[in-house]
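This report follows one strand and one of its residues. Please look over the sequence and the structure before reading on.

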Protein chains: 2
Amino acid sequence: MSFDVLQEKIRAMRNPTVAGLDARISYVPEHIRREAYDQFGEGLKGACEAIYLFNTALIDALCDIVPAVKPQSAYYENLGWQGMEILERTIRYARDKGMFVIADVKRGDIGTTAAAYAEGWLSGTEIGGETFRTFDADCVTLNAYMGSDSVSPFLEAARKEDKCVFILVKTSNDSACELQDMVAGDRLVYQVMGDLAERLGEGHEGKYGFTDVGAVTGATYPSDIQSLRKRLPHTFFLVPGYGAQGGTAEDVRYAFNEYGHGAIVNASRSIMCAWQKAGTDGWDFADRAREAALAMRDDICRCVTIV
Amino acid sequence: MSFDVLQEKIRAMRNPTVAGLDARISYVPEHIRREAYDQFGEGLKGACEAIYLFNTALIDALCDIVPAVKPQSAYYENLGWQGMEILERTIRYARDKGMFVIADVKRGDIGTTAAAYAEGWLSGTEIGGETFRTFDADCVTLNAYMGSDSVSPFLEAARKEDKCVFILVKTSNDSACELQDMVAGDRLVYQVMGDLAERLGEGHEGKYGFTDVGAVTGATYPSDIQSLRKRLPHTFFLVPGYGAQGGTAEDVRYAFNEYGHGAIVNASRSIMCAWQKAGTDGWDFADRAREAALAMRDDICRCVTIV
């Protein structure tokens, strides 16, 4: 079970956090930009190579203290195919360094289309009898608005590879409530999605009691996390919204069970852009990122004891 | 308004249909595959170039009779960055041939992440004061489970460029009903999404009365389409599910208003794979695709009169 692997890494490092890799070119310190632009020009290729250098340096700075990274596909798609090329390389680099990679793609489609997505992100594509792995993450995020049909093909691919998925349940943004908090029958919409995650995982519980179908539950709605933790005892949580969006360590503690298991908290900009917050010229961005990651770990571990 | 442009094209060709460009390598006739594999090897690069040859030949065969194409991102992502490279080229080729391009990406995210997606797919990314356009479609499909926050950044980008979006409302798959048909307050979930489309478009009606926020409404639920057409008079519909999934011309007629406006019906495999259905060796795939597209047009125009 892939969430077992993640939970083991979290326990080993005593750190239930994941670092987002969502760089815009403006987050990359100038000396790196200049290096890449000098070699590849100030265009898409130069920007991509600058971000790749930034990503790999962040991974090097974090891989012994942070168990996972979460690249957000949008920040690579906006650079076209060349962005997707460094996304492939970034995922490979992080996995080679032993990090668990959550591809934050929020895909949602059905049948053969979902199967094609799953090939790209999880299981590889067959051509002439050979399997070609491209984005090859450990885990993806999914949007199940279209129903269980939009999750099963991913799950099939994930199970062949001992990988896993997260379904959007309650997201961390302001307008999340517009649909997600509506009363649907005797439940709320986000509970319907949460129950779907719990149901689709049934029978696939791993060593720590969690299945291969996780749920995204935003730190900005702590009372919902608290009730979801009780409602979905076998569902691993990915918790966005800590830090910049307002979620605190006190809020995210509810995502964990009594052993401090079953959740991982994301932070992106606070780690990537720690050098900007410190007001430096960026030469020290890797040290600043590491410091920010350690501070986040310590902040959360004040409230969560991992057994 | 970009749906005006689409509606004009539909009227000029008397054809309210869009051809999917969702090729798996197995849909590509052997002579094309052989050509590409001979030059680029039987791997990702060879498969991508074979699909690109197939796509461009289909576009050539269809561009004077079909107003739009809809590439589905999944069938390019499963080939990694090289797949994304031919997706860029395919979109550019189709637009150069005068076709309206709907990128079927079903993205759904918030804030700067949604803005990054919108840059990639609609408005271009700025680097060093220059705007670089990559996937550059006319229109994208969106999943608004996360709420209006997940649509507005796309809409902002679309409006700068005179482009448009479709929001998933009622999809064509079997499990669509699991969430979409739930009673949410005094409405059904898919009506909530439909009302969101109508509301976000308000004040942006074009020449034909439709806004720049469309809705995806599956052909497989004709009575829902009928009620949605009344409920959302200013919302342009993208209708999947015709043909292979069971939707008929009689079903999709309800997506159009009394002037035969406001909807476009998709078919993918029935056009791309017409040569396989005809049992040929594939040399005639372009002619078979054109025949299938004309047959679909005639079938729908039996039931819909476009003023």
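Which residues on the two faces of S1(B) are buried? On one side they are Thr17(B), Ala19(B) and Leu21(B), and on the other Val18(B) and Gly20(B), where buried means under 20% relative accessible area with a 1.4 Å probe and protein chains only. In a regular strand the side chains alternate between the two faces of the sheet. Because 5 of the 5 residues of strand S1 (residues 17–21) of chain B are buried, S1(B) is largely enclosed by the rest of the structure.

This is a predicted model, in which local features need pLDDT of at least 70 and side-chain atom pairs count only at pLDDT 80 or more, while totals for chains, interfaces and linings use all residues. Residues are numbered from 1 along each chain as its sequence is written, chains are lettered from A and ligands numbered from 1 in the order in which they are written, and side-chain values use heavy atoms, leaving out hydrogens and water.

Strands here are DSSP runs of E with at least two residues, numbered from the N terminus, and two of them pair if DSSP finds at least two bridges between them. The pairings of S1(B) are as follows.

| Partner of S1(B) | Sense | Bridges | Residues standing opposite |
|---|---|---|---|
| S12(B), residues 263–267 | parallel | 3 bridges | Ala19(B) and Ala267(B) |
| S2(B), residues 68–71 | parallel | 4 bridges | Leu21(B) and Pro71(B) |

Thr17(B), which lies in strand S1 of chain B, counts as buried because its relative accessibility is 1%. Leaving aside residues up to four places away in sequence, Thr17(B) touches residues including Val66(B), Ile264(B) and Met296(B), contact meaning heavy atoms within 4.5 Å.

Terms used:
Buried < 20%, exposed > 50% of the residue type's maximum accessible area, 1.4 Å probe, protein only.
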